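Trainee: Could you walk me through how to read an interface, the cysteines and the salt bridges in a model like this?
Mentor: Gladly, let's take them in turn.

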2 protein chains.
Amino acid sequence: MRSSEIRELLKLIDRPGMISFAGGIPDPALFNVAAFSAAYGRILGDAAAGARALQYSATEGHPPLRRWIAERMAAQGVSCEPDNILITSGSQQALDLIGKLFLDPGDGVLAAAPTYLGALQSFSAYEPRFLARAEATDDVKLIYLVPDFDNPTGETMDAAARQRALEIADRHDAWIVEDGAYAALRYEGEDVAPVAAFDQRRAGSIDEIRTLYCGTFSKTLSPALRIGWICGPRAVISRLTLIQQVGDLHTSTINQMAMHEVAVSSYDDQVARARDVYRSRRDTMLAALARHAPEGLSWTRPKGGLFIWLTLPAAMDAAALLQRAIARDVAFVPGAAFFFDGSGSDRLRLSFSLSGEAAIDEGIERLCMLVREEIDVPIPAAAIGA
Amino acid sequence: MRSSEIRELLKLIDRPGMISFAGGIPDPALFNVAAFSAAYGRILGDAAAGARALQYSATEGHPPLRRWIAERMAAQGVSCEPDNILITSGSQQALDLIGKLFLDPGDGVLAAAPTYLGALQSFSAYEPRFLARAEATDDVKLIYLVPDFDNPTGETMDAAARQRALEIADRHDAWIVEDGAYAALRYEGEDVAPVAAFDQRRAGSIDEIRTLYCGTFSKTLSPALRIGWICGPRAVISRLTLIQQVGDLHTSTINQMAMHEVAVSSYDDQVARARDVYRSRRDTMLAALARHAPEGLSWTRPKGGLFIWLTLPAAMDAAALLQRAIARDVAFVPGAAFFFDGSGSDRLRLSFSLSGEAAIDEGIERLCMLVREEIDVPIPAAAIGA
């Protein structure tokens, strides 16, 4: 099944009664609509501030928002100034700008397989080669990592793995692109410092690191304002700023101002609330899997983020399973959508972010039933060469 | 003087007492802050609509906004459906997406000299060759035009010139990129239909034209929301949508919803008000030039837009003039900033959008005085080879 066919299939899931574990998006019920309403109201309630909010602004970003982000980065061990922050239209634009700055046709991009293909697609425009592992002789320009609660696997790199990533980057004189999209959503255990923080510890200064940290408010406060950021050495931030300037001038002025107000007033509360809700949905999904799964089905146990990653028994095909699943009103994303090398047909990604706990239990039961039926189907004679 | 030096110089103009004719931006006093305040308030006042406004949305854009724009395009003679419209983060992103889709290294881009260099800079990332005129044998992929109230010259292409542009595009099998940034701001005379409309008249259908119309709300309602659009054949819009999707996913959901509300409630009134204000500033600037200009200074008489374009007498250098002008609290953009071929040193662009009428008269008087002083300076002996 081609990815366009899977996309068509997934369009069917937006119907009543469907239990969707497909979309890797935040639950809109968690958005603090009142806080955003108050922020836009306050900004536009004053004629002078309102006129500024509606005018062009500097590409680098709204200064108070850059400062707020710099302080938050510092609290995570990445000591930096507002000048080290570029505000982008979501972290997807951050990835695109980085690709545009660094990649020439044929350059190597090292990334896990599976990984977030949206990142690799943004790099694809610049025609690099994607590598799942790098030999000593490979030319590697960028290393793309989602160290915390990876999309799609849900897994987290420990401190040793982060150090190793830096060693690989050193060996290849490569830049690390650290995608921190899910980093705020930890449900258990201790935070591991960003790769950028490990990098800074040895480099001494933010301006000497080789890691570009890409952050976003999309999974915590709201994706719709399209506000993300890049934190990195000043010299790189300046060059990325020029690229953004010719790309779309700047990120929305009014949205940056509103996001800053909401971040100041309610970031910590919002994150705490999202953690509570998503933690218990994760627990429900893990418990349902433990209860309903047939033998041979295995899955990850993420400490945060939005995803659980399943391996089907007996090389079962996840795309074919999706067709049958949709007929029974349950949906997921087949694993092949996360592999740039065409593998992963027996994997699938479940997102626990959008469904209530009863629906999660029901959906997992249906899904496991389908897998079980598939296992029990007698093998057609033709398939064993009889 | 290099363009980076000019940029540094122009940073000095943001000080009290400065009369700036530099920025090509709308007067923030004209923004309808109350209408935007009401729009965000209404959208976020309802919990369900508010949650939708804060969530991810389709790359193509907010359906009611696409419909509103399609109707407006139709009223200008470009008969089209919402599917022919892609919402972008300002028309700057529109240009970048078009460059990314069509341009390969070495491809020809035909553009006027002078022109809006921001457009050419967005194309530059894809390494084309810029041509000020095309020979029959030249390979031309894109033709970039600002047919209405051009930046920087203020001039408008008549119907015959638009037809000729289409003939040139046909001859080279090229796409026309029609930048309609200023088209709504006409102060006298009759509208000329967009090049896209002339194209459609002969092609029969929007899906058969070779013109991509780039529109924006930046010069009429607000630049800060970063909302522009591309209107063109469905097949091209689909491909541009995929490029935008990997570039930054989509344009801000909430801003598209708010812009739609403001467009419905007050687009026509806002445009009428902006026309009145800018028309009288243009008239004031033209009258001041007529009153104060020394012999040898010439300028355009734009029928709309934000700019008047000056040619200095005796090959005077506009960048050197800017340095002296800033010392006397008046600023403009030297003409070389609009030529990709390095010429234009004796030209300059004046914007009349940001200053009140007394300031315009005062600023033009100072500027003309400086030009006059420059003319009267005795020619140094060295310069005539003595």
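Mentor: We will go from the interface to the cysteines and then to the salt bridges, keeping in mind that this is a predicted model.

Trainee: Let's begin where the chains meet. How many residues of chain A are in contact with chain B?

Mentor: On the side of chain A there are 45 residues in contact, and they meet 45 residues of chain B. The two chains bury about 3600 Å² between them, with 64% of that area on carbon and sulfur atoms. Three residues stand out here: Leu54(A), Tyr56(A) and Val246(A) supply 19% of the area that chain A buries against chain B, more than any other three residues.

Trainee: And what about the polar side of it? How many residue pairs are in polar contact across the interface of chain A and chain B?

Mentor: The rule finds 27 such pairs across the interface, counting those with both residues at pLDDT 80 or more. Several helices of chain A each bring at least two residues to the side that touches chain B, among them H2 (33-45), H5 (90-102) and H10 (253-292). H2(A) gives the most to that side, with five residues. Sorted by class, the side of chain A that touches chain B has 22 nonpolar, 17 polar and six charged residues.

Trainee: Can we zoom in on one residue? Which residues does Ala51(A) contact, leaving aside its neighbours within four places in sequence?

Mentor: With those neighbours left aside, Ala51(A) is in contact with Pro28(B), Phe31(B) and Val33(B). Ala51(A) has its place in helix H3 of chain A, and at 13% relative accessibility it counts as buried. For a sense of the fold around this helix, compare sequence with space: Ala51(A) and Ile254(A) are 203 residues apart in sequence, yet their C-alpha atoms are 9.7 Å apart.

Trainee: Now the cysteines. How many disulfides does a search of the whole structure find?

Mentor: The general idea is that a disulfide is a covalent bond between the sulfur atoms of two cysteines. Here the search finds zero over all chains. Take Cys231(A), which is in no disulfide: the nearest cysteine sulfur belongs to Cys80(A) and is 3.9 Å away, whereas the cut-off is 2.5 Å. Cys231(A) is also buried, at a relative accessible area of 1%.

Trainee: Why is Cys214(B) without a bond to Cys231(B)?

Mentor: Because the closest cysteine sulfur to that of Cys214(B), the one in Cys231(B), is 9.8 Å away, too far for a bond. Cys214(B) is buried as well, with a relative accessible area of 0%.

Trainee: That leaves the salt bridges. How many does the structure hold over all chains?

Mentor: As a general point, side chains of opposite charge can pair when their charged atoms come close. The structure holds 42 salt bridges over all chains, and the rule finds two across the interface of chain A and chain B. In one salt bridge, Asp96(B) meets Lys100(A) at 2.9 Å, N to O.

Trainee: Which parts of chain A does the pair of Asp27(A) and Arg281(A) link?

Mentor: Their side chains meet in a salt bridge at 2.8 Å, N to O. Asp27(A) sits in the loop between strand S1 (19-20) and H2, while Arg281(A) is in helix H10, so the pair links distant parts of the chain, 254 residues apart. Both ends are shielded: Asp27(A) is buried at 10% relative accessible area, and Arg281(A) counts as buried at 12%.

Trainee: Is Asp170(B) buried or partly exposed?

Mentor: Asp170(B) counts as partly exposed, at 34% relative accessibility. Its side chain meets that of Arg202(B) in a salt bridge at 2.6 Å, N to O. Asp170(B) lies in helix H7 and Arg202(B) in helix H8 of chain B, so the pair ties together parts 32 residues apart in sequence. Arg202(B) is partly exposed too, at 40%.

Trainee: Where does Arg210(B) lie?

Mentor: Arg210(B) lies in the loop between H8 and strand S7 (211-216) of chain B. The side chains of Arg210(B) and Asp170(B) meet in a salt bridge at 2.9 Å, N to O. At 18% relative accessibility, Arg210(B) counts as buried. In chain A, Asp170(A), Asp173(A), Asp199(A), Arg202(A) and Arg210(A) are linked in a network of salt bridges.

Notes:
Residues are numbered from 1 along each chain as its sequence is written. Chains are lettered from A and ligands numbered from 1 in the order in which they are written. This is a predicted model: local features need pLDDT of at least 70, side-chain atom pairs count only at pLDDT 80 or more; totals for chains, interfaces and linings use all residues. Side-chain values use heavy atoms; hydrogens and water are left out. Contact means heavy atoms within 4.5 Å. Buried area is the accessible area (1.4 Å probe) that two parts lose on being put together, summed over both. A salt bridge is a side-chain nitrogen of Lys or Arg within 4 Å of a carboxyl oxygen of Asp or Glu. A polar contact is a pair of N or O atoms within 3.5 Å; within protein, one must be able to donate a hydrogen and the other to accept it, and residues adjacent in sequence count only if both atoms are side-chain atoms. Helices (H or I, at least four residues) and strands (E, at least two) are DSSP runs, numbered from the N terminus. Ala, Val, Leu, Ile, Met, Phe, Trp, Tyr, Cys and Pro count as nonpolar, Asp, Glu, Lys and Arg as charged, and the others, Gly among them, as polar. Buried means under 20% relative accessible area, exposed over 50%, partly exposed in between (1.4 Å probe, protein chains only).
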